[in-house]
Amino acid sequence: MTGATTTPVSLATLQQMKTRGEKIACLTCYDSSFTRVLETAGVEVFIIGDSLGMVLKGHESTVPVTVADMIYHAANVARVGQSALRVVDMPFMSYANPDRALGNAARLMGEGGAHMIKLEGGADKAAIVEHLVGHSIPVCGHIGLLPQSVYKLGGYKVQGRDEAGAQALLDDARALEEAGAGLLVVECVLAELATRITAEVSIPTIGIGAGAGCDGQVLVLYDMLGITPGKRPRFVRDFLLDTGSVPAAIEAYVAAVKNSTFPAAEHCF
Ligand code: KIV
């Protein structure tokens with residue numbers, strides 16, 4: 001089912017959708033105008049992502065993004081947002097230890113209007129996740145390709161391709177769930193592995209470049225509108241191409257996620 005709703009989406013809503021097998025439509029969002037368009041089209045979860053450093057600010061990675069940047073954009077979304085659950089990224093180094101994470105997450109919620117914060121990493125971040133959840137801060141994990149670690153990884157590559165890597169990602173997913181994470185983004189992993197992760201954790205998974213077996217899908221808004229410069233990644237579909245208007249493109253995306261026609265085989269690894 002697509003379409004606007006003013007009923008706020010909560011983590012309980014997403015958990016019920018996972019149980020029912022109803023796909024979750026998620027997109028990145030960074031401003032108030034798109035907030036209205038996306039909510040009208042029925043997008044249930046917004047990630048106010050640090051991808052804004054690349055698509056809005058023109059940086060070559062997400063590394064230079066600051067907590068102040070995140071608060072500015074999250075607050076623009078929160079000012080008019082009515083229904084979508086707002087997940088706000090903690091930028092590079094803002095969660096380097098539990099106390100720094102707590103202070104910055106509190107600002108993202110208090111000043112930025114976040115409903116939930118997202119941080120990158122697996123078992124190595126479990127103690128930080130536990131600390132935040134213990135202070136009533138809902139946390140979304142992010143495993144697989146970690147854009148904030150791009151200089152360590154040596155590029156934007158598919159993760160967990162071999163047996164050991166796949167096992168490590170499964171362990172990461174379980175560790176984050178045990179630490180109290182309520183949602184999990186899985187980025188750029190083989191579709192089969194993402195399906196297994198989704199089956200093995202009880203929290204909803206949101207995939208990007210991770211196949212159709214996740215509980216929901218997310219894309220960077222500017223990628224799915226075809227306006228990000230450079231070569232389009234394999235996992236992205238340009239929804240504006242066939243629809244001709246931004247609202248129609250977003251509606252087509254929501255419909256394609258809901259009926260599992262996106263991602264198709266050609267978007268998967
Ligand atoms: O930064 C971002 O926009 C993200 C999503 C694409 C998952 O992390």
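**Exercise 1.** In this predicted model, find the residues around the ligand and sort them by character.

*Solution.* Start by listing the neighbours: T28, I47, G49, D50, S51, D89, K118, H142, V185, I208 and V220. Next, sort this shell, and you get 4 nonpolar, 4 polar and 3 charged residues. Glycine goes in the polar bin here.

**Exercise 2.** Work out which polar side-chain atoms of D50, S51 and K118 lie by an oxygen atom of the ligand, and at what distance. Then check how much of the ligand the protein covers.

*Solution.* Take the side chains one by one, keeping N or O pairs within 3.5 Å. S51 puts a polar side-chain atom 2.5 Å from a ligand oxygen. For K118 the distance to an oxygen of the ligand is 2.8 Å, and for D50 it's 3.0 Å. Now the cover: on its own the ligand has 260 Å² of accessible area, and the protein hides 96% of that. As for the site itself, the ligand takes up the space of the largest pocket.

**Exercise 3.** Two residues other than glycine, S136 and C188, have a positive phi. Place each one and decide: buried or exposed?

*Solution.* First S136, with phi of about 65 degrees. Look for S136 in the loop between α6 (126-134) and β5 (139-144). Its relative accessible area is 63%, so S136 counts as exposed. Now C188, where phi is near 50 degrees. C188 sits in the loop between β6 (183-187) and α9 (191-200). With a relative accessible area of just 5%, C188 is buried.

**Exercise 4.** Locate the cis peptide bond that leads into P263.

*Solution.* Go to the segment after α12 (246-258), where P263 lies. Step back to F262: the bond from F262 to P263 has omega near 0 degrees, making it cis.

Notes
Residues are numbered from 1 along each chain as its sequence is written. This is a predicted model: local features need pLDDT of at least 70, side-chain atom pairs count only at pLDDT 80 or more; totals for chains, interfaces and linings use all residues. Side-chain values use heavy atoms; hydrogens and water are left out. A residue is near a molecule or strand if one of its heavy atoms lies within 4 Å of it. A polar contact is a pair of N or O atoms within 3.5 Å; within protein, one must be able to donate a hydrogen and the other to accept it, and residues adjacent in sequence count only if both atoms are side-chain atoms. Accessible areas come from the Shrake-Rupley method with a 1.4 Å probe; for residues, only the protein chains shown count as cover. On a 1 Å grid over the protein atoms alone, a cavity is a set of points where a 1.4 Å probe fits but cannot get out, and a pocket is an open set with protein on both sides within 12 Å along at least five of seven lines; lining residues have an atom within 4 Å of a point. A molecule sits in a cavity or pocket if more than half of its atoms lie within 2 Å of its grid points. Helices (H or I, at least four residues) and strands (E, at least two) are DSSP runs, numbered from the N terminus. Buried means under 20% relative accessible area, exposed over 50%, partly exposed in between (1.4 Å probe, protein chains only).
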